[in-house]
Amino acid sequence: MSFLAELGAALPDGTVLTDPDVTDRFRMDRTTWLTPGCPVAVALPTTTAEVAAAVKVAATHRVPIVPRGAGSSLCGGSQAIDGALTLSLERMDRIVDLDTADELVVVEPGVMNADITRATSEHGLFYPPDPASRDFCSIGGNVATNAGGLCCVKYGVTRDYVQRLEVVLADGTVIETGHDTVKGVAGLDMTGLFVGSEGTLGIVTRAMLRLRRRPSGAATMVAFFPTLTAAGRAVASIAGSELTPSLMEIMDRATVNVVEDALGMGLDREAASLLLLQSDAPEPLRGTEVARAAELCSSAGASYTAATEDPDEAEALMQARRMAGPVLEQLGELIWDDVGVRRSRIPALLGRIEEAGERHGAQVQTFGHAGDGNMHPTLLVPRDDPDARRRALLAFDDIVEAALDLGGTITGEHGVGSIKAPFLEREVGRANLALQRRIKRTLDPDGLLNPGRWL
Ligand SMILES: Cc1cc2nc3c(=O)[nH]c(=O)nc-3n(C[C@H](O)[C@H](O)[C@H](O)COP(=O)(O)OP(=O)(O)OC[C@H]3O[C@@H](n4cnc5c(N)ncnc54)[C@H](O)[C@@H]3O)c2cc1C
């Protein structure tokens, strides 16, 4: 039997799509400057057993598989590959169990990140990892990329919240990893192995996630700086202080102007950068924390600071930050970079980013998670301008090299995907990469899971 005939027989009617008009929406992710391939089919299973059945058929026929969540990848991780099966988890979108006593939730991979916090907030709980894409990215994708977000500076990243996983391996075997208990050290940390493996080691079909008590509110501070270096100094000095902000985000002048054009919030268009900080400590400590942060910003050279505990004002500022990417996406083709350095090296990184843009005549906007030292220098390319794209990609490479020169990482949260693979060896070293390849071969000897990404 042919691959498609066998796949169709293994899955319920309506689960396998082959009409290009219908499968087209599964080809692209948000790495819009890369050209996606054409999948041989798209499977939309609704149970773990169906995922396992599809994987077994693909393994028998040596057909590669692209696991796909909500397709918001910025590193080409979920783009279709010519002749591969795209396995979309979007129909596995149930919250299976909410255990408020133990502060745990069990979800299928297609549940959207923001839906977990929406579903748990009435119980006074929340799920901390909050990518700016939280309304349009899935938990399966978050686990596969070890996603970060805005409040990770205080609460940590996805890895810190994954307690158990159910995973379908490359031969269709289903395994469970992790422990039901808070502590548990039996065996190797297989959960940790799958978190951040970008769909190359297994397909996540269920996740048990830790929740936290929802803070009662937050105080918010905004500061504007005349130079990027002054903003970098402020970040370094807050990071080295007694404060524990729950969020510390930065936007440069170009980003502020683009956001201001779109939202008209009265942001200072002349400032070199804007720093946004929140404290969700209990009252009255949060007010004290933002006041102290404002003092540190002023000492570092801020031209203006303001604080608020009004939730609507705070949400408007947060929206300005979250909209930076989507607003820029309206203006042209975006090549997102995602590099990280120690927080004390942010000023040096920002300087190198500016130089890279100038050197190649590329338009670069920088915003990101300053509290984690994780920056998103984003190159804006006019559509249908191959020369501008070529120059932007040269600047992209220089920015990645700059992060490595500064002892940082080629990707803080978006993943290696298709676009950063050439840089991986320089970051992790040859022997480490060889070991990673051996692990990949052990779990996926025929190299069928998300080939061409990462390794
Ligand atoms: C405007 C914007 C803002 C963003 N902000 C952030 C941010 O703040 N922080 C951040 O970390 N990221 C951010 N991202 C990137 C993106 O949203 C994340 O990488 C997210 O985790 C991807 O989730 P997804 O469901 O869309 O996954 P997809 O794009 O569908 O897939 C991403 C990767 O995960 C794999 N995968 C997906 N589901 C599974 C599964 N069930 N099992 C195994 N592998 C799977 C895919 O093969 C692929 O390698 C942003 C993206 C955009 C467009």
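## A parallel pair in an open sheet

In this predicted model, β3 and strand β4, which spans residues 85-88, pair in the parallel sense over four bridges. Within this pairing, R68 stands opposite S88 in β4. Strands of a sheet pair through backbone hydrogen bonds, and the sense can be either parallel or antiparallel.

The two strands belong to an open sheet of four strands, which follow one another in the order β1-β2-β4-β3, and the pairing in this sheet is mixed. At its edges lie β1 (16-17) and β3, each of which pairs on one side only.

## The surroundings of the ligand

Which elements give two or more residues to the shell around the ligand? They are β3 (65-68), α5 (139-145) and β10 (203-210), so that the edge strand β3 appears here again, as part of the ligand's shell. Of the elements, α5 gives the most to this shell, with five residues.

In total, 38 residues surround the ligand, and the closest are P67, G69, S72, S133 and S138. Sorted by class, the shell is made up of 15 nonpolar, 19 polar and four charged residues. The space that the ligand takes is the largest cavity.

## Polar contacts and cover

Three contacts between polar atoms of the protein and the ligand can be described in detail. A backbone N or O atom of A70 lies 2.9 Å from an oxygen atom of the ligand, whereas N450 contributes a polar side-chain atom that lies 3.0 Å from an oxygen atom of the ligand. For E413, a polar side-chain atom lies 3.0 Å from a nitrogen atom of the ligand.

How much of the ligand's accessible area does the protein cover? On its own the ligand has 970 Å² of accessible area, and the protein covers 99% of this.

## An antiparallel hairpin

Elsewhere in the chain, strand β8 (residues 162-168) and strand β9 (residues 174-178) pair in the antiparallel sense over five bridges, and R164 stands opposite G178 in β9. The hairpin formed by β8 and β9 has five residues between the strands, and in this hairpin G172 takes a positive phi near 95 degrees.

## Backbone details in two loops

Two loops hold further backbone features that a reader may wish to look up in the structure. The loop between β14 (273-279) and α10 (285-300) contains P284, and this proline is joined to E283 by a cis peptide bond, with omega at about 0 degrees.

The other loop runs between α7 (190-194) and β10, and E198 lies in it. Phi of E198 is near 55 degrees, which is a positive value in a residue other than glycine. The strand at one end of this loop, β10, is also one of the elements that give two or more residues to the shell around the ligand.

Definitions and conventions. Residues numbered from 1 in each chain as written. Predicted model: local features only at pLDDT ≥ 70, side-chain atom pairs only at ≥ 80, totals over all residues. Heavy atoms only, no water. Near = heavy atom within 4 Å. Polar contact = N/O pair within 3.5 Å; in protein donor to acceptor, adjacent residues only side chain to side chain. Areas by Shrake-Rupley, 256 points an atom, 1.4 Å probe, with all protein chains shown as cover. 1 Å grid on protein atoms, 1.4 Å probe; cavity = no way out; pocket = protein on both sides within 12 Å on 5 of 7 lines; lining within 4 Å. Sits in = over half its atoms within 2 Å of the grid points. Nonpolar A, V, L, I, M, F, W, Y, C, P; charged D, E, K, R; others polar. Pairing = 2+ DSSP bridges.
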